[in-house]
Amino acid sequence: MHKYYLTHLQELESEAIYVIREVVAQFDRPAILFSGGKDSIVVTHLAKKAFWPAKIPMPLIHIDTGHNFPETMDFRDKLVENLGVQLIVGSVQESINKGRAVEESGINASRNELQIVTLLDTIESHKIDAAIGGARRDEEKARAKERFFSHRDEFGQWDPKNQRPELWNIFNGRKRMGEHFRVFPISNWTEMDIWNYILQENIAIPSLYFAHQRNAVYRDNTWLPASEFLQLREGETIENKLMRFRTLGDITITGGIESEADTLEKIVAEVSATRSTERGNRSDDKRSDTSMEDRKKQGYF
């Protein structure tokens, strides 16, 4: 009798595709939250496989802070063109112009938290009832509390104590008018799983993930890329480093690591040997011990 076994990655892929298909089955206007980072790229790739040969039956939503890496924006536009999907862009600058958000000031100013109001406004204006994200439980302790289907109230807020049971992967997408869900198909994946899957599937990713020469400033135990938005502190100097990024966000908050990993195989080997956390170089997570959970309660990704 022939036996069929799934590999670890095949099991994760199957689970994620099942979750994505459940979203399309249960909701009227789902969308994929797309940042241009590796996790949202993998989610988009999984959605492509879930509905092949048809096109992805939902738009991608990108919240443009105006402080993005140029490489990320170029990658986003090329991917959307290749997939032939709709792209919805929410602009943080537009939220600021309308008085919906207030620009931070000071040497550590960031637009990261300002994304919350822009995201919620975009979800409301397009009547999105399920927003699929690429968050993983191994990334950060607040994200470890998330279920696959994460309920948001009429104000877009998340209550970690009000989570619905998901026994046997049975998902409850019931909601009242004005409420929506965030859905995380790759919740059970690790950083190593993501990189092994990207290698296995030969998925295109932004060049920022590979080692390259870049001007940067060493601050708070990480290399922050030099840009027009970076204000130097007294005594800081810009240096040219061979570096790469493990996670991507705004150019103002995303720290890089010194690395020679310029291929997917080298990245997999590097990640397998590292003992530091993936988001350890994100300055937005260092503002307080509960910064991520506080933001998520307000409606963050």
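These legends accompany several close-up views of a predicted model.

**View 1. Helix α2 and its surroundings.**
Start with α2, which runs over residues 38-51. At 1.5 Å a residue, its 14 residues should span 20 Å, and the C-alpha atoms at its ends are indeed 20 Å apart, so expectation and model agree. How many of the 14 residues of α2 are buried? Twelve are, so the helix is largely enclosed by the rest of the structure. The buried residues are K38, D39, S40, I41, V42, V43, T44, H45, L46, A47, A50 and F51. If you look for what covers them, you will find helices α1 (8-26), α3 (70-83) and α6 (191-201) among the covering elements. Strands take part too, including β1 (30-33), β2 (60-64) and β4 (130-132).

**View 2. K38 and the residues it touches.**
Here we zoom in on K38, a residue of helix α2. Is K38 buried or exposed? Its relative accessibility is 1%, so K38 counts as buried. Leaving aside residues up to four places away in sequence, K38 touches E191, I194, W195 and I198, and these four also belong to the α6 side of the contact with α2. The list of residues touched by K38 further includes R136, Y209, R246, T247 and E278.

**View 3. The crossing of α2 and α6.**
Two packed helices are described by the angle between their axes and the distance between the axes. For α2 and α6, the angle is about 55° and the axes lie 11 Å apart. The two helices are therefore oblique to each other, and their crossing is left-handed. On the α2 side, the contact is made by K38, D39, V42, H45, L46 and K49. On the α6 side, it is made by E191, I194, W195, Y197, I198 and E201. An α-helix has 3.6 residues a turn, so residues three or four places apart point the same way. You can follow this along α2 in the contact residues D39, V42, H45, L46 and K49.

**View 4. The packing of α1 and α6.**
Helix α6 also packs with α1, at an angle of about 95° and with the axes 11 Å apart. That angle makes α1 roughly perpendicular to α6. From α1, the residues to look for are H8, L9, L12 and E13. They meet D193, N196, Y197, Q200 and E201 of α6. Y197 and E201 are worth spotting twice, as they are also listed in the contact of α6 with α2.

**View 5. The open sheet of four strands.**
In what order do the strands of this open sheet stand? The order is β8-β7-β9-β10, and the pairing is antiparallel. Strands β8 (222-225) and β10 (257-258) stand at the edges with a single partner strand each, so one side of each has no neighbour in the sheet. Inside the sheet, β7 (residues 212-219) pairs with β9 over five bridges, and A216 has E239 in β9 as its bridge partner. Strand β9 (residues 239-244) pairs in turn with β10 over two bridges; in that pair, R244 stands opposite I257.

**View 6. The hairpin of β7 and β8.**
A closer look at one end of the sheet shows β7 and β8 paired in the antiparallel sense over four bridges. Within this pair, V217 has L224 in β8 as its bridge partner. The two strands form a hairpin with two residues between them. D220 lies in the loop between β7 and β8, and its phi is near 55°, a positive value in a residue other than glycine. With 46% relative accessibility, D220 counts as partly exposed.

**View 7. Helix α5 and the loop at K127.**
Helix α5 is mostly covered, as eight of its eleven residues are buried. They are Q115, I116, V117, T118, L119, L120, T122 and I123. After α5 comes K127, in the loop between α5 (115-125) and β4. K127 is a residue other than glycine, yet its phi is positive, near 55°. Its relative accessible area is 60%, so K127 is exposed.

**View 8. The cis peptide bond at P53.**
Which two residues does a cis peptide bond join in this view? They are W52 and P53, and omega is about 10°. P53 can be found in the loop between α2 and β2.

How values were computed: Residues numbered from 1 in each chain as written. Predicted model: local features only at pLDDT ≥ 70, side-chain atom pairs only at ≥ 80, totals over all residues. Heavy atoms only, no water. Expected span 1.5 Å × (residues − 1). Buried < 20%, exposed > 50% of the residue type's maximum accessible area, 1.4 Å probe, protein only. Contact = heavy atoms within 4.5 Å. Pairing = 2+ DSSP bridges. Axes fitted to C-alpha atoms, helices over the stretch in contact; angles between N-to-C directions. Parallel < 35°, antiparallel > 145°, perpendicular 65-115°, else oblique. Left-handed = near helix turned anticlockwise from the far one by under 90°.
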